[in-house]
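Good morning, colleagues, and thank you for coming. Please take a moment to look at the sequence and the structure before I begin.

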Amino acid sequence: MAFLALISGSAQALQPDKRFQDYVSNTWALEQGLPQLSVTAIAQDSTGYLWVGTQAGLARFDGNRFTSYDSRGWPGLGNGDIRALLAGAQARVWIGTATGVAVHEQGQFFQVLPTPLPAGPFEVNALARDTQGRVLVATNQGVYVAQDRRLVALAALRDNALALLQDGPDLWVGGMGQVQRARGAQVQTIALPAALASAKVRTLRRAHGQLWVGTSAGLFTLQDGQWRHFGDDPVLQRTPIEAMLLDRQDNLWVSAGDRLMRLRQGAVAERIENAPRFAARSLLEDREGNLWIGSMISGLTRVWNGTTRRYSKDDGLLDPLLWTVAPGQRGQVWVGSNNGVALLDQGRFRTLISGSQLPHPGAYALLIETTQAWIGTRSGVAVLREGALLRPRELAAMDSAQINGIMRDHAGALWFATSDGLYRWQDARLTRFAAAQGLADPRVRVLLETGDHRLLIGTYSGLYECKGEGVQPVGQDRGFPPDLHVTSLHDLGQGRLLAGNLTRETLLLFNGQRWIELDQSRGIPANSAFAMVEHKGDLWVAGLRGIYRLPLRELQQAATSAEPLPLHPQALLNERGDRHGGQKGDCCNGAGNARGFIANDAFWLPTRDGLVALDLNALDGNPVPPTPLVERVQIRGRWREVDAGGEWTLPADARDLRFEFTALTFQAPEHADIRYRLLGYDRQWMTLEDIAQRSVNYTNLPPGRYAFEVIGVNNSGLASPTAARLAFEIEPYFYERTWFRLFAVLGGLLLVLLGYLWIGRRYKDQRAVLEALVQQRTRALEEANARLEALTLTDPLTGLHNRRYLTRQIPLDLAFYSRDAGVNLHEDAVIFGLLDVDYFKRVNDTWGHDAGDRVLQQLAQCLRELTRQGDYVIRWGGEEFLLVFRPMPRAQLRILGERVCRRIAEHPFDIGNGTPLQVTISLGLMEYPPFPDAPQLLGWEQMVALADRALYEVKTHGRNGWAAWRPSRSATPATDSPWEGPPGQLIDDGLLTLVGSHVRLD
């Protein structure tokens, strides 16, 4: 209880000067787990749980979920019709029901019975604590005091007791038509007026220097020893009073019928009407300063300060849809709505100009000056001057344009951002800036004059700057994204700028040299910024999705750092109620100039539901850290309550555990975080992804000592100072114990030793057999490798070598011939011959591919017969074959070509139909090296390429012949270095001449 008192003293209660409608409220009913809608009693125990009594059972609430108790599942509760609740020490809760008193302690309920048992019903109406800390019980049988788990009647107070108040040394007891004042053994009875003898005294409070009594016949105060009706409000004089509460800000909350009243300094300060959920049957202020209201028909409602005030239709605004806002004099606020212009003064709106008086009802932009107010609409401009609304004829050119912003520069010129271009009014002359002046997109959204008097123009498609009588794009060469819909601009000073946009919902920061995009990867919320204002070291940003603030020092660091530093904005208001998005609420509206300002410690903004003022002094947040608790553990399918105590040594088969836990915080618990870890298993803290799912499972845990820990972080980022901790131990199975493992190791070593000896004996016997088998397998492997090698180098159809064989072998042979002293390169040469079967396609098309394969196989055999040992016959591809003849006299080139062609032409090819087939070939030859004095000039690949070109010449001049390229007379290459160009260049340069079997080729 001392801890609770300490926390309560530092918590922020409801602001007394704030209207009730501006508080934030949330309601829980049957759908959220409340046992029944009639909430008759509320209490907060010393741990921090909220206990809620209804007419159909009791519930414990942690801000997220209800745990319900009724007399069927918990016989110790006695009765489910709860009349009163009182929190005690060590999380004990006293419960008054329609049939007696029960206590919840360490996860169990037990009844406290009166001694002796009275005759007839024993209904509890109220609970209180006396100056000695004893629990007092108001019943229909009188007042009792709890002693040693029994109730003892106070002999002097035996009348029907309905309400209790311990006020210093005096105990006040409300009954039927009277209030008794007991001090020690002395009892004084002060009756209500005689006409109210049957009135029930339901609640008693000391407040504002008076004793207040709420009865079924209205509200009374004690004056000169007599009860007098509270004379300030007729409703309170005749309406039954259900509940009263004095909060820490000295607000006296009084529930009168279907109304909730707030009294300050003995007078009614505010009445809340026509809201059934605020018609209180019970009231409580928790340790965080939240006001809890239990109603008879609407469940449980929590009320807290929040951070905003909203001014809308109830405050005199004709149309709640606002587009623009601007500061006026003496704290006044100008607003432009969908239906004219209004002025907020002393919390009430006064319509200045109706929508019908304007060129268009929608007032979309404002510029408030000392003697006049400029109003931009969706169809032109008007000015309010000395109480008269004027439409200057000089501005008629803008009558069909939407005015998004109005600004006066340092030189006195008036600028208009419109949907039809940028306009300047200066010296009674209106100038339009559009495409002809360099403004690619005439739809201008927002204007900014920087500290060094630059005029920046934000459009639907980029950022521009007005220079003289022209407009130039800005930032396109410095990282500003093209075609960006700019919604706001802000000058940070020192040449740094900020731009908000609708296209990407990011911020663009100009650091003086380049534009840097600040997006969600840097921590910036996705938001189309409509207003940006500096205030007390922060940048305040409001947009379509809500409001956040960002430390200016972080922006400065982001502008100067070469690394993309993370930013840490604080979300303050969010339309969708996103988690960690701040308070839920409508914001904001309109993009352009005059879309927000800071004055009177508030950020004023237009919204779709009136004017919102973000209270800058209410952002310190919730000073009360959450209370973390481990509630229960599921072991072998059965739940065990933690607060029941007991030994936490778990059996060996309890390896799968489920922990339920919570963190008690009631101010915006949906924005809280809960972190947990299992010491001995988890390496770091884990954060619940779903704050509503407050449980976690662990499976297949090994034996050992563990501690499950939980901490909470409230909606303001304040963490629990200490973690909730549950230490436990899981017993090992017998085979997991040390002695068993030791014996198992020794037994294993013995088995290894025996096995080693047995294996050694067998090894000697098998070694010889294995060695013979290895040798046999080695020979077989070598033979298989040789066969595999041959297959990779052989064409499967003809049995000839393939290209791979040539690629591997020819460089070695050419290198050998170049070193061989017996080879005279001027007289001898290696001959490359590339041949192709003439009209081979006809063979396949006429007789089929089997006939074609027969021709290729017989051709391969003929070529083998034409070559010597050491020559190559290569299946080059398709019907092409490559011949490589080892060094032979250059003079035999012609003989060789004719012999090969004649041999093939004379051979009868058997194609399997009984009729021999005659086949001819075209042959291209090339001598290597072609230039004896330059042996390194060409490689073998280039020789094949030249032979292929000679083959082509034969093909194009009749086929059935041969051709070769030979050096031209007196042709000498300029170098012996390897030829880097195409070999055909030697032909084009005239260094090679074609010879062959056809006369016209020679």
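I shall start with an open sheet of four strands, whose order is 46-47-48-49 and whose pairing is antiparallel. Please keep in mind throughout that this is a predicted model. Which strands stand at the edges of the sheet? They are strand 46 (486–493) and strand 49 (515–518); each has a single partner strand, so one side of each is left without a neighbour in the sheet. From one strand to the next, the twist averages 20°.

Within this sheet, strand 47 (residues 496–501) and strand 48 (residues 507–510) are joined by four bridges in the antiparallel sense. As a general matter, strands of a sheet pair through backbone hydrogen bonds, in either a parallel or an antiparallel arrangement. To give one such partnership here, leucine 498 has leucine 509, in strand 48, as its bridge partner. Helix 3 (residues 552–560) lies across strand 46, strand 47, strand 48 and strand 49, and runs at about 105° to strand 47.

I turn next to the nonpolar cores. The largest contains 36 residues, and Leu806 and Phe832 are the ones that touch the most other members. Helix 9 (residues 940–956) supplies the largest share of this core, namely eight residues. What does phenylalanine 832 contact, once its neighbours within four places in sequence are left aside? Its contacts include Ile810, Leu883, Val884, Leu925, Met926, Trp940, Met943 and Ala947. Another core, of 35 residues, lies apart from this one; Leu856, Leu863, Ile921 and Ala964 are among its members.

My next topic is charge. Side chains of opposite charge can pair when their charged atoms come close. How many salt bridges does the structure hold? There are 52. I have chosen three pairs and one network to show you.

In the pair formed by arginine 149 and glutamate 105, the closest N and O atoms are 3.7 Å apart. This salt bridge links distant parts of the chain, 44 residues apart: arginine 149 is in the loop between strand 12 (142–147) and strand 13 (150–153), while glutamate 105 is in strand 8 (residues 100–105). Arginine 149 is exposed, because its relative accessible area of 56% is over the 50% limit. Glutamate 105, at 17%, is buried, because the limit for that class is under 20%.

The second pair is glutamate 273 and arginine 259, with 2.8 Å between the closest N and O atoms. Here the two residues are 14 residues apart, glutamate 273 in the loop between strand 25 (267–272) and strand 26 (280–285), and arginine 259 in strand 24 (residues 259–264). Glutamate 273 is partly exposed at 34% relative accessibility, and arginine 259 is partly exposed at 22%.

In the third pair, arginine 655 and glutamate 736, the closest N and O atoms are 2.5 Å apart. The two residues are 81 residues apart, and each is in a loop: arginine 655 between strand 60 (649–650) and strand 61 (657–664), glutamate 736 between strand 66 (724–730) and helix 4 (738–792). Both arginine 655 and glutamate 736 are buried.

As for the network, its salt bridges link Arg60, Asp62, Arg65, Glu631, Arg632, Glu660 and Arg694.

Finally, I draw your attention to aspartate 170, in strand 15 (residues 170–174). Is aspartate 170 buried or exposed? Aspartate 170 is buried, with a relative accessible area of 5%. Its side chain and that of arginine 181 are joined by a polar contact of 2.9 Å.

Terms used
Residues numbered from 1 in each chain as written. Predicted model: local features only at pLDDT ≥ 70, side-chain atom pairs only at ≥ 80, totals over all residues. Heavy atoms only, no water. Salt bridge = Lys/Arg side-chain N within 4 Å of Asp/Glu carboxyl O. Buried < 20%, exposed > 50% of the residue type's maximum accessible area, 1.4 Å probe, protein only. Pairing = 2+ DSSP bridges. Axes fitted to C-alpha atoms, helices over the stretch in contact; angles between N-to-C directions. Contact = heavy atoms within 4.5 Å. Core = buried A, V, L, I, M, F, W, Y, C linked by side-chain atoms within 4.5 Å. Polar contact = N/O pair within 3.5 Å; in protein donor to acceptor, adjacent residues only side chain to side chain.
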